[in-house]
Amino acid sequence: MTPVTADDTAGMSPLFARLTRAGQWLRQADRARPWMLDTSVVVLVFVMFCLADLVHAHDGRRELAARFTRPPLAGMLALQAGLVLPLLWRRRNPSAAFAVITAVFLLQWSLGVLLRADVALLIALYSLTLHGPLRHLAWACAVTALGLVLVAVRVSAVVSVWDALFFLFSTAIAAVAVGMAVRIRRAQLAGLRERAARLEIERDQRSRLAAATERTRVAREMHDIVGHNLAVMITLADAGVYASDVTPERGKQALLLIGDTGRQALGELRRMLGVLREEAEAPALSPQPGIADIDALCARIRSAGPLITYRTAGDTDALDGGVQVTVYRIVQEALTNSLKHAGAGTRVHLTIGVEGTRLRIRVQDTGPHGGSRSAGPPNEEGHGLAGMRERAALYGGTVDAGPVPPPGAGWTVRATLDLTPLPGSEGGTP
């Protein structure tokens, strides 16, 4: 149980706050030493109900004196002990405590002895309802009813049988009702604590899942930005080294292209890192790339050597912004793979078409001149192909990649996106 702190009682009245803290202290003490509460109940019952029978008779009424017998002191103490002492294990073994008290109760009334300690029967019935198996409650109520009928018959000379039965059954029902109410309340609190613990675990799991998803998204964006631009820069650098010996002017042009590509990569990294910042005031960010930027992307790839043919079909400009970013990143990854694995001398055919609710992307290269691809299937060691598939999956799409069937050569990437809007969805950046 969670301890009660000063913050928990801040809005309470002083009396209620003190009672709450006192109740919390008692529960903690009971968990540490449960025998103390059981012993206190026995002592309290003895002081309130047993001492009066030991000191004087029952109110001095002649009717009671004539109807009931007063046993000797030893017999009275024995009967009181049989009624009160079993309360010591009323929580550990409520059924046994109730059975012993009921047996002593029936024996006492069979002997015609009236004791105030009979209240122990109601306490035992309450404890059995609260702590004991519910399957024992039925026979406990039946035995209690039998004992109360015996009491009503015994006191019929003083009180009407029906009045006595009404009073006695009312007290027994009250004991069972209070015990059942406390039991249900405790079960509800236990259920709420379990649910709170489960929700806390689920919250932590959701937080970890969200963090993992965000890390995956950031890794995918970093791969797209860094991987693509570095591939272009490396190819341009290699070409520049070769050209500097033959045509110095081409080497200078390669260096300028490397600088432009690096600045663009740096700008994209700044934009993404600005989005990831936690400050409320984010820097001015350039818009996410879309299909309109694919021409510039193809121009950068062409500067590294490959010859790219780019065609579109359908109304691509009307596509949702999130779809356009997805298309751009898939095309960027596919072109980067062609540059890395097929080399600067390859030819690439890029087609983007909208057909009804489907958007199709096809990127096919002719492979390197006079040889196989430099590293086998693209992304065998990286996460580019997995990133393309994750992006396409956001729009119910698929990505397939593989070699061109013989007698052709090269590599083909095909992607299909579902443009059917989901109910209640809004456009956005994936």
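Student: Is the crossing in which α5 passes α6 left-handed or right-handed?

Tutor: A crossing is called left-handed if the near helix is turned anticlockwise from the far one by less than a right angle, and right-handed if clockwise; by that rule, α5 passes α6 in a left-handed crossing. Before going further, note that this is a predicted model, in which local features need pLDDT of at least 70 and side-chain atom pairs count only at pLDDT 80 or more, while totals for chains, interfaces and linings use all residues. Residues are numbered from 1 along each chain as its sequence is written, and side-chain values use heavy atoms, with hydrogens and water left out.

Student: At what angle do α5 and α6 pack, and how far apart are their axes?

Tutor: Helices (H or I, at least four residues) and strands (E, at least two) are DSSP runs, numbered from the N terminus, and axes are lines fitted to C-alpha atoms, for helices over the stretch in contact, with angles from 0 to 180 degrees between N-to-C directions. Here α5 and helix α6 (residues 119-131) pack at about 155°, with their axes 9 Å apart. The two are therefore roughly antiparallel, a label for angles over 145 degrees (under 35 is roughly parallel, 65 to 115 roughly perpendicular, the rest oblique).

Student: Which residues of α5 and α6 make the contact?

Tutor: Contact means heavy atoms within 4.5 Å; among the residues involved are Phe98, Ile101 and Phe105 of α5, together with Leu121, Leu125 and Leu128 of α6.

Student: How many aromatic pairs are there?

Tutor: Rings of Phe, Tyr and Trp (its six-membered ring) pair if their centres lie within 6.5 Å, and planes under 30 degrees apart count as stacked, over 60 as edge-to-face and the rest as tilted. The count comes to two aromatic pairs. The rings of Phe98 and Trp139 have centres 5.9 Å apart and planes at 65°, so this pair is edge-to-face. It links distant parts of the chain, since Phe98 lies in helix α5 (residues 94-110) and Trp139 in helix α7 (residues 137-154), 41 residues apart.

Student: Are Phe98 and Trp139 buried or exposed?

Tutor: Buried means under 20% relative accessible area and exposed over 50%, with partly exposed in between (1.4 Å probe, protein chains only). Phe98, at 1%, counts as buried, whereas Trp139, at 35%, counts as partly exposed. In the other pair, the rings of Phe105 and Trp109 have centres 6.2 Å apart and planes at 55°, so the pair is tilted. Being four residues apart in helix α5, Phe105 and Trp109 are separated by about one helical turn; Phe105 is buried at 5%, as is Trp109 at 3%.

Student: What is the strand order in the sheet?

Tutor: Strands of a sheet pair through backbone hydrogen bonds, either parallel or antiparallel, and two strands pair here if DSSP finds at least two bridges between them. The open sheet has five strands in the order β1-β2-β3-β5-β4, with mixed pairing. β1 (307-313) and β4 (398-403) stand at the edges with a single partner strand each, so one side of each is left without a neighbour in the sheet. The twist averages 10° from one strand to the next.

Student: Which helices pack on the sheet?

Tutor: Helix α11 (residues 321-342) touches β1, β2 (347-355), β3 (358-365) and β5, its direction making about 15° with that of β3. Helix α12 (residues 384-393) touches β4 and β5, and its direction makes about 150° with that of β4.
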